[in-house]
Amino acid sequence: MKVSFVIPALNEEGVVGKTIRSIPVKEIEEAGYTVEIIVVNNNSTDNTAQEASDAGATVFLEEKRGYGNAYLRGFKEATGDIIIMGDADGTYPLEQSMDFINYLVDDNCDFVIGSRFDGTIEDGAMPALHQYIGNPLLTKMLNILFHSDYSDTHCGMRAFTREALDKMDLKAPGMEFAIEMVIEASEKGLHIKEVPIRYKKRGGGEAKLSSFDDGWRHVKYMLTRKFGKN
């Protein structure tokens, strides 16, 4: 079986290489898997692409910026039986990847998502507005509207099987892609597992989130999806 890591990157020079090298390739290979690492350069204006290539990743250029656009391109290029998502900024513990793989393979899960709130959040890793208000409220709203039971709908470290990916109808171009995926996983009846993780401070690069704008986009997406455009 092959494991594909898909990492979107927009101006992550100085940290994307460290993120790639944090992937426990040797541990995964010793467990019997082959590994490919895909970085989607989302039209960066710095040295992100070269740094990622130097660290051992295969780099694809996606000129249409957007969190969803980058991931959709990466999923298209990935050839693995298992796909693992993670940001390029060093915030997610990719060294914990075998835990995600084992849940998929040994426990027959379809979709595994990290939980920062069931795990630990390093001091300074998440703004207080996001940690205590934004993320909990958005998670609660999604759970109520879509009858799910997530503790952290916006955690970006996720893993799923190729079959699960094929079942999910993913198309959102921007940050709302994060909640589109968890809604799709629930609505398609996937076997979902949450895994506590340690969320870390950014290792560098540019912060991409806009608290109000991205929060409103998530709310609008959920309401539109649930109740229709009218």
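In what sense, parallel or antiparallel, do E2 and strand E3 pair, and over how many bridges? In this predicted model, E2 and strand E3, the latter made of residues 58–61, pair in the parallel sense, and four bridges join them. Strand E1, which covers residues 2–9, also pairs with E2 in the parallel sense, here over eight bridges. Valine 40 can be followed through both pairings: this residue of E2 is the bridge partner of proline 8, and in E3 the bridge partner of valine 40 is phenylalanine 60. Strand E2 itself spans residues 34–41, and because six of its eight residues are buried, the strand is largely enclosed by the rest of the structure.

The connection from E2 to E3 involves helix H3, residues 48–54, and together E2, H3 and E3 make a right-handed β-α-β unit. Threonine 48 belongs to this helix and counts as buried, because its relative accessibility is 0%. A polar atom of the threonine 48 side chain lies 3.2 Å from the backbone nitrogen of glutamate 13. When neighbours within four places in sequence are left aside, the residues in contact with threonine 48 are Ala9, Asn11, Glu12, Glu13 and Val16, so that glutamate 13 appears both in this list and in the polar pair just described.

Further along the chain, strand E7 offers a second place to look. Valine 195 lies in this strand and is counted as buried because its relative accessibility is 4%. The C-alpha atom of valine 195 is separated by 5.7 Å from that of serine 115, although the two residues are 80 residues apart along the chain. Serine 115 is also one of the residues that valine 195 touches, once residues up to four places away in sequence are not counted; the others are Gln96, Phe100, Tyr103, Val112, Ile113 and Gly114.

Strand E7, residues 192–199, also contains tyrosine 199, whose ring pairs with that of tyrosine 92 in the loop between strand E4 (82–85) and helix H5 (97–106), a link between distant parts of the chain, 107 residues apart. A search of the whole structure finds eight aromatic pairs. In the pair of tyrosine 92 and tyrosine 199, the ring centres are 5.3 Å apart and the planes stand at 55°, which means that the pair is tilted. Tyrosine 92 and tyrosine 199 are both buried. Elsewhere, ring pairs link Tyr67, Tyr71, Phe75, Phe111, Phe160 and Phe177 into a cluster.

Phe177, a member of that cluster, is also among the buried residues of H8, together with Ala178, Ile179, Glu180, Met181, Val182, Ile183, Glu184 and Ala185. Helix H8 runs over residues 177–187, and because nine of its eleven residues are buried, the helix is largely enclosed by the rest of the structure. Just after H8, glycine 189 takes a positive phi of about 70°.

The cysteines remain to be considered. A search of the whole structure finds zero disulfides. Cysteine 109 is in no disulfide, and the nearest cysteine sulfur, which belongs to cysteine 155, is 15 Å away, whereas a disulfide would require the two sulfur atoms to be within 2.5 Å. Cysteine 155 is likewise in no disulfide, its nearest cysteine sulfur being that of cysteine 109. Cysteine 109 is buried, with a relative accessible area of 4%, and cysteine 155 counts as buried at 0% relative accessibility.

Key: Residues are numbered from 1 along each chain as its sequence is written. Side-chain values use heavy atoms; hydrogens and water are left out. Buried means under 20% relative accessible area, exposed over 50%, partly exposed in between (1.4 Å probe, protein chains only). Helices (H or I, at least four residues) and strands (E, at least two) are DSSP runs, numbered from the N terminus. Two strands pair if DSSP finds at least two bridges between them. A crossover is right-handed if, with the strands pointing away from the viewer, the path from the first strand over the helix to the second runs clockwise. A polar contact is a pair of N or O atoms within 3.5 Å; within protein, one must be able to donate a hydrogen and the other to accept it, and residues adjacent in sequence count only if both atoms are side-chain atoms. Contact means heavy atoms within 4.5 Å. Rings of Phe, Tyr and Trp (its six-membered ring) pair if their centres lie within 6.5 Å; planes under 30 degrees apart count as stacked, over 60 as edge-to-face and the rest as tilted.
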